[in-house]
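Below are some notes on the structure, set out as numbered points. Please read them with the sequence and the model open.

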Amino acid sequence: MKRHTIAPRPGWQDFANSVGFTFHTIDNEPYWDESAYYQFSLQQIEQDLETPTEELHQMALDLVPDILADEQLLRQLAIPEQFWDYIAASWRSGEPHLYGRMDFSYDGTGPAKLLELNYDTPTSLFETGFFQWVWLEDQLMRGQLPQGADQFNSLQDKLEQAFAQLPLAQPFYFSSVTESIEDKGTVDYLMDIALQAGLNCRYIQLEQLGDIEGQLVDMDGFPINGLFKLYPWEFMLQEDFASTILTSKTQWLEPCWKLLLSNKGILPLLWQKHQGHPNLLPAFFADKQPVEAGWVKKPLFSREGANIELVTANGQRLSEDGPYTDSGYIRQALAPLPQFGDNYTLIGSWVVGDSAAGICIREDNSLITKDSSRFLPHIILE
């Protein structure tokens with residue numbers, strides 16, 4: 001695993017804007033960064049990232065029935081009791097899932113360590129599936145990358161296959177909150193893939209969802225029988241229309257049982273069941289035995305590094321503020337992100353259905369990867 005500097009493509013910002021990637025720069029700071037890229041060997045990709053991703057995915061799925069059968073676990077995960085039966089029905093009826101992303105600490109030399117599962121509302125999708133692939137093709141054509149360079153990236157193809165094969169209600173709606181340009185870009189990308197797969201798709205702002213006699217409806221009063229929502233389930237269950245979720249005949253992507261896997265509490269549960277697994281870190285609920293030496297404290301529900309507290313093995317303490325203060329916490333052993341110069345590097349590994357589908361890389365100037373981190377492309381080279 002190496003980091004190489006490279007000259008950015010001339011005019012890439014204009015191209016980005018033309019294909020809807022308008023959030024390549026956020027608050028005048030670069031989000032997409034093609035001044036460098038990461039290089040992996042095929043063995044590193046296949047053995048250290050792809051295979052563990054699929055194994056950990058299956059281990060996580062295997063925990064779902066255990067959680068649903070244990071009221072104590074449901075409470076420990078802060079799942080609202082009025083939705084227990086609904087979530088159980090979502091799982092037992094086999095409601096299909098689309099995608100997710102695991103985040104790893106990996107420096108190219110040892111087992112990748114799972115930091116968390118982003119299994120409900122993962123972003124960085126467009127950047128991974130489309131924009132970094134175009135970067136690869138462009139830079140190969142310009143002679144700026146070694147010939148034979150490839151990329152671990154079947155994300156767009158696998159998403160299109162999934163949309164073509166999943167038994168989805170139609171028309172199928174896609175939704176995001178109004179104020180987030182990044183979320184809208186992600187949803188637009190997914191909807192475009194679904195259209196290419198032959199689905200009848202429509203977009204609706206999350207704030208425009210309505211309710212008629214217990215059924216979610218659109219602005220014209222038509223029932224929403226299928227909905228992809230880039231909005232966390234734990235937020236959905238606190239909205240004014242939460243009770244309508246229980247009665248509405250809506251098929252959801254992601255299904256409600258994904259709430260169990262996007263919860264940081266899945267990390268201590270994985271450790272309890274698979275203690276010593278090479279890709280897992282010791283993790284405990286905060287009211288249980290704390291991990292020794294370096295550790296990270298995480299809320300059950302949080303995103304983009306918010307409300308994370310971290311103590312290194314030598315006692316350095318880092319923390320990030322945020323809005324996720326109303327649930328429990330876990331403690332996880334610290335697997336420090338590898339450092340390349342002034343950059344701390346996080347690897348996201350995508351799953352579509354039950355298959356590994358590619359990686360994305362984000363850099364930050366801190367051990368805590370925040371929403372201000374930068375996205376960098378990668379290549380595979382033997």
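1. In this predicted model, strand β11 (residues 226–229) is covered on both faces. Gly226 and Phe228 are buried on one side, and Leu227 and Lys229 are buried on the other. Buried here stands for under 20% relative accessible area, and the lysine of this strand, Lys229, meets that cut-off along with its neighbours.

2. Strand β11 also has a partner in strand β7 (residues 172–176), with which it pairs in the parallel sense over three bridges. Within this pairing, serine 175 has lysine 229 of β11 as its bridge partner. Lys229 is thus a residue to look at twice: it is buried, and it takes part in a bridge to β7.

3. Strand β12 (residues 251–253) pairs with β11 as well, again in the parallel sense and over three bridges. Here phenylalanine 228 stands opposite leucine 253 of β12. Strands of a sheet pair through backbone hydrogen bonds, either parallel or antiparallel.

4. A separate open sheet has five strands in the order β13-β17-β14-β15-β16, and its pairing is antiparallel. Its edge strands, β13 (283–285) and β16 (317–319), each pair on one side only. On average, neighbouring strands of this sheet are turned by 15° against each other, direction ignored.

5. At the β13 edge, the pairing with strand β17 (residues 329–333) is antiparallel and runs over three bridges. Phenylalanine 285 has isoleucine 330 in β17 as its bridge partner. Helix α11 packs on the sheet, where it touches β13, β14 (295–299) and β17. The direction of α11 makes about 120° with that of β13.

6. Why is helix α11 (residues 266–273) largely enclosed by the rest of the structure? Six of its eight residues are buried, so the helix has the rest of the structure around most of it. The buried residues are Ile266, Leu267, Pro268, Leu269, Leu270 and Trp271.

7. The second largest pocket has a volume of about 170 Å³. Two elements, α5 (125–141) and α7 (181–196), give two or more residues to its lining. The largest share, six residues, comes from α7. Among the lining residues are Val19, Gly20, Phe23, Phe126, Phe130, Gln156, Asp188, Tyr189 and Asp192. By class, the lining has six nonpolar, four polar and two charged residues.

Methods
Residues numbered from 1 in each chain as written. Predicted model: local features only at pLDDT ≥ 70, side-chain atom pairs only at ≥ 80, totals over all residues. Heavy atoms only, no water. 1 Å grid on protein atoms, 1.4 Å probe; cavity = no way out; pocket = protein on both sides within 12 Å on 5 of 7 lines; lining within 4 Å. Points joined across faces, edges and corners; volume = space filled by probe spheres on them. Helix = DSSP H or I, 4+ residues; strand = E, 2+ residues; numbered from the N terminus. Nonpolar A, V, L, I, M, F, W, Y, C, P; charged D, E, K, R; others polar. Buried < 20%, exposed > 50% of the residue type's maximum accessible area, 1.4 Å probe, protein only. Pairing = 2+ DSSP bridges. Axes fitted to C-alpha atoms, helices over the stretch in contact; angles between N-to-C directions. Contact = heavy atoms within 4.5 Å.
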